[in-house]
Structure formats: C-alpha cells, structure tokens
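Hi,

Here is the structure I promised to pass on. Have a look at it first, and my notes follow underneath.

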Amino acid sequence: MQTESSTLVARSPQVTEFLSKPRKLLIGGKWVEAKSGKTFKTLDPATGEVLAHVCEADAADIDEAVKAARAAFNGPWSKLTPSQRSRLLWKLADLLEQHTEEFAQLESLDNGKPLAVARIADVPLAVDNFRYMGGWCSKIEGNTIPLSAGNNFLAYTLREPVGVVAQIIPWNFPLLMAVWKLGPALAAGCTVVLKPAEQTPLTALRLGELFAEAGFPDGVVNIVPGFGETAGAALAAHPDVDKVAFTGSTEVGKLIVKAATGNLKKVTLELGGKSPNIVMGDADVEVAIAGAAHAIFFNHGQCCVAGSRLFVHEKLFDQVVEGVAAKAKKIRLGHGMDSGTQMGPLVSDEQLARVTDFLNSGVSEGARAAAGGARHGAQGYFVQPTVLVDVQPHMKVVREEIFGPVVTAHPFKTLDDVHIAANDTIYGLGAGIWTRDLSIAHRLAAKVKAGTVWVNCYNVFDAAMPFGGYKQSGWGREMGHNAIDLYTETKSVCIKL
Ligand code: ADP
C-alpha cells in the first residue's frame with residue numbers, strides 16, 4: 001500500500017483554508033455555531049487523522065433550521081418565478097463546476113475515495129444533476145380533466161411544492177447524494193433542511209457557501225451536520241416538516257418511517273440493496289469479468305446498488321470467478337489523494353469492523369475467499385477486495401448488505417433458476433445482466449424485481465433516468481421527472497361554470 005506523503009496530490013490552497021477553521025451550521029443564510037456549543041471531528045479514513053472540526057447540530061438547531069426554511073418557503077422563495085429558480089440552479093451548477101478540483105479533493109479526503117474518481121464521477125454528475133433539474137422548474141404542469149359529472153364544469157390540476165423538506169443523506173457519495181436530493185426539491189419550489197452524514201459533512205458544507213454566492217434567498221437551503229440519533233431523528237420527527245427524504249440503511253429507513261408518523265409527513269426512501277449481477281452462458285466473458293469487478297469494487301463496494309451477488313452460468317463459472325479474483329488482487333489500495341490509488345479505505349473504523357465481521361462470518365459458515373478475505377494493512381480502514389465462493393443461499397454474506405468490496409459468486413444452470421435466485425432477497429434496487437442474446441436480456445430484465453436493470457453495463461447513472469428500489473430498497477424514484485413528482489402535491493380545482 002502506498003501512503004507516503006510524497007506521492008499524495010498537494011491539497012489546493014482553498015482546501016487547506018476550508019479545513020483550517022471549525023465549520024459551522026448554515027441556518028437562515030448565516031453560518032452559526034450549534035446552540036450546545038458542541039463540535040465533532042471528521043477524520044481522514046486512510047490515516048485516522050483529524051481533517052476538520054464541525055459544529056454539531058441537535059434538536060434545538062434543527063428547530064431553528066426548520067423555522068428558517070418555513071420563513072423562506074412562505075416568503076422570498078415563493079415569489080420567484082420558475083425561470084428565476086432555473087437560473088439560480090444553473091448558476092449553482094456553474095459555480096460547482098468552477099470549483100471541481102476543490103470539491104473533488106474535499107470528497108476524497110473526507111470519504112477516502114480516489115481523487116480521480118471524485119473528479120470524473122462525483123462532481124460532474126452533481127453538476128449535471130443541478131443543470132437537469134434546473135430545466136424542470138418551468139415544466140411542472142398540471143392537466144385539464146373532462147368530467148363525467150357534467151359538461152358545465154372546468155376541472156384542472158395544479159402542481160404545488162410540498163413545502164419544507166428534510167433531507168438526510170449517507171456518506172458513500174456525500175456531494176452527489178446532497179445534490180440528488182436538493183436539485184429536484186429546489187426545482188419544485190420546496191425549501192430544505194439537509195443533514196449530511198456525520199462521517200462526511202465537508203462537501204455539503206462547502207456547497208452551502210455556493211448557495212449564497214449563486215443568489216439563493218436566505219433560508220432556502222439550511223445545512224445541519226450532526227448525528228443520526230439526535231439531529232437526524234429530530235428532523236424526521238419535526239412537526240413542521242412536510243416531507244422527509246432519506247438515503248441510507250434499510251434499518252434506519254424504518255426508523256424514519258416511524259418518526260414521520262407524528263404529522264404524517266410524506267416519506268421517500270432510497271435504502272439498501274443486495275443486487276444480483278447475472279452472467280449468461282453466451283456473454284462476452286472478458287466484458288462480463290470487467291463489468292462484474294466494476295459492479296462490486298466501484299466506490300469500494302460502498303454503493304447501495306453494488307453488484308454483490310454474482311450469478312454465473314455454470315459453464316463460465318470458473319473462468320469468470322478466476323477473472324474477477326485476478327482483477328481484485330491487482331487493485332492498488334492506498335490513500336485517495338495518491339494518484340496511483342485505485343481503491344481507498346472504507347469510510348470509518350465502524351465500517352471496517354462491520355465488513356471484516358461479515359468476512360469472518362462467511363468463512364465460519366463455509367465460504368472460501370478466491371481473493372481477499374481480510375483487512376489490508378494496520379493503518380486506516382482498508383479492506384481487501386474479496387470474492388467469496390462455495391456460498392449457500394442461507395449464509396449471512398449472501399442475505400445481508402455488506403456495503404464493502406465483497407462479492408459472493410453463485411453458479412446457475414437455467415434462466416428460471418437464476419431469476420428465482422436473483423429475486424430471493426428482501427431488496428430490489430439494481431441488477432446486471434451480461435448476455436449477447438437480446439431476447440434473454442429483455443425476458444430477464446422483465447423478471448428481475450429491481451428499480452434499475454443494466455444490460456452489458458453497470459453503474460450507469462443519469463440525471464434523466466429514474467433510480468430507486470422495489471421491496472425493502474425504498475419508496476419512490478429519484479432523478480428524471482419522477483423526482484419532481486416526489487416534491488410536488490397535486491391539487492384538483494373544480495369549477496362550476
Ligand atoms: P450507515 O449505517 O451506512 O452509516 P445510516 O442509515 O445509519 O447508514 O445513515 C445514513 C444517514 O442517516 C446519516 O446521515 C445518519 O446520520 C442518519 N441517521 C442514522 N440514524 C438515524 C435516525 N435514527 N434518525 C434519522 N437519521 C438517522
């Protein structure tokens with residue numbers, strides 16, 4: 001593992017400056033300390049060193065943030081025209097794009113992901129999402145409806161913003177998850193209180209500075225880092241929040257649903273996954289091997305949609321497993337800011353413990369590691385990219401979401417076998433199919449219960465393509481026009497003429 005400082009990309013002066021001061025909460029357009037005076041540390045997961053100190057919001061700060069969001073919703077934000085909202089979102093996208101390197105570095109340092117990945121994936125996808133959603137502001141239309149109740153009525157629908165929205169996001173794509181949430185909410189005319197994950201608050205806080213620069217009215221976006229059980233829970237339960245949008249674990253998703261019942265706020269959830277990746281007997285083997293490795297190892301497997309159950313037709317099984325294992329062994333682990341790094345550390349010591357517990361449980365239940373299988377090194381939260389074989393459907397490593405670079409490999413015989421096995425999970429977020437047979441591709445795509453099915457590709461995301469889960473992977477779809485639907489109420493107006 002290469003972690004010598006000489007090989008690390010130099011931090012930009014803006015990043016050094018940003019990390020040098022305690023970062024505050026953004027409430028009502030002002031940067032303020034937490035009422036409790038508390039702060040928490042955010043760490044570099046490659047070294048465990050403190051990157052920055054961050055003010056820690058709790059229920060009292062959440063209350064202020066919700067008040068600010070309500071005031072902005074009733075006040076200046078509601079007075080802007082759709083085209084003014086569009087221009088603000090586009091300006092925000094331009095500013096984010098201009099600061100790509102700074103955001104990519106902050107993301108790499110805070111989350112651990114390779115800088116090159118943050119530069120070409122996280123930041124550009126975030127920019128694109130703001131641009132795409134900015135285009136929607138002026139296209140949120142209702143309908144006119146012919147009524148059978150009589151010809152002397154005019155009925156039409158209006159689409160109105162839901163109101164004040166709480167958004168609670170995870171640490172795997174900290175900036176991108178913030179933008180996936182903020183873009184459609186703002187396009188629809190809502191105001192927001194956003195809680196980033198406690199492990200990775202930095203890019204959301206830096207983004208907070210750009211809202212004022214772009215010209216958004218104060219209080220339209222409020223950013224309140226803090227812990228889940230305190231800040232997150234207070235936000236999900238707040239009686240003056242109209243909707244909560246959450247991305248994270250299925251376990252916490254269920255807590256969010258419970259917390260939301262007090263005022264029956266609207267809920268959307270993007271939760272866990274255990275996505276099947278299916279290599280048919282006729283697949284282009286080399287393409288499928290590369291695709292299967294990418295499906296699980298991208299972002300260190302810390303993707304809700306990671307292709308973590310690899311189903312391979314029995315005639316290709318050994319070849320594909322060997323190929324994916326060989327790729328796993330070649331992956332260069334290191335500090336995200338090292339230009340030679342292909343995979344960084346997991347995000348936290350907690351995550352490291354969780355993933356290594358899964359590895360141990362897999363082996364104790366009879367699985368064998370064809371590659372990896374253990375922690376990597378003694379410093380930082382690195383884990384070896386791992387391929388597990390000899391796995392059975394009942395094993396914990398097969399049933400539960402690991403959220404690390406660990407794939408289980410399963411041979412299959414027929415199309416029917418594999419679609420049943422693929423759907424044998426409580427989750428339904430993503431799926432991959434590798435085949436040259438168009439008929440098989442369509443038949444299987446229709447049978448797999450998943451919100452996104454990729455054929456001969458994986459992890460392709462686009463601001464225009466809906467994303468979300470069947471079963472316990474969530475409620476609702478983000479991105480595309482579906483995301484706008486999630487942030488609007490439909491009002492029927494019926495007039496007797
Ligand atoms: P992970 O287990 O991978 O860290 P979580 O689902 O716990 O994922 O966290 C995702 C987000 O949910 C984070 O912002 C976290 O602070 C928040 N969170 C955790 N617990 C709660 C809770 N009880 N109520 C509201 N938000 C929570």
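Before the notes, one cut-off: a polar contact here is a pair of N or O atoms within 3.5 Å, and within protein one of them must be able to donate a hydrogen and the other to accept it. With that in mind, take S275: a polar atom of its side chain lies 3.2 Å from the backbone oxygen of G430. S275 itself is found in the loop between β11 (266–270) and β12 (276–279). Loop or not, S275 is buried, with a relative accessible area of 1%. Do keep in mind that this is a predicted model.

Now the ligand. You'll find it in the largest pocket. There are 18 residues around the ligand, and I169, W171, K195, E198 and S249 come nearest. By type, the shell divides into 10 nonpolar residues, six polar and two charged. As for where they come from, α9 (228–237), β10 (243–247) and α10 (250–260) each supply at least two residues of that shell.

Which atoms pair up with the ligand's oxygens? Here are some of the contacts:

- E198: a side-chain N or O atom is 2.6 Å from an oxygen atom of the ligand.
- S249: again from the side chain, an N or O atom is 2.8 Å from a ligand oxygen.
- G228: here a backbone N or O atom lies 3.3 Å from an oxygen atom of the ligand.

On its own the ligand would expose 550 Å², and the protein buries 82% of that.

Cheers

Note on methods: Residues are numbered from 1 along each chain as its sequence is written. This is a predicted model: local features need pLDDT of at least 70, side-chain atom pairs count only at pLDDT 80 or more; totals for chains, interfaces and linings use all residues. Side-chain values use heavy atoms; hydrogens and water are left out. A residue is near a molecule or strand if one of its heavy atoms lies within 4 Å of it. Accessible areas come from the Shrake-Rupley method with a 1.4 Å probe; for residues, only the protein chains shown count as cover. On a 1 Å grid over the protein atoms alone, a cavity is a set of points where a 1.4 Å probe fits but cannot get out, and a pocket is an open set with protein on both sides within 12 Å along at least five of seven lines; lining residues have an atom within 4 Å of a point. A molecule sits in a cavity or pocket if more than half of its atoms lie within 2 Å of its grid points. Helices (H or I, at least four residues) and strands (E, at least two) are DSSP runs, numbered from the N terminus. Ala, Val, Leu, Ile, Met, Phe, Trp, Tyr, Cys and Pro count as nonpolar, Asp, Glu, Lys and Arg as charged, and the others, Gly among them, as polar. Buried means under 20% relative accessible area, exposed over 50%, partly exposed in between (1.4 Å probe, protein chains only).
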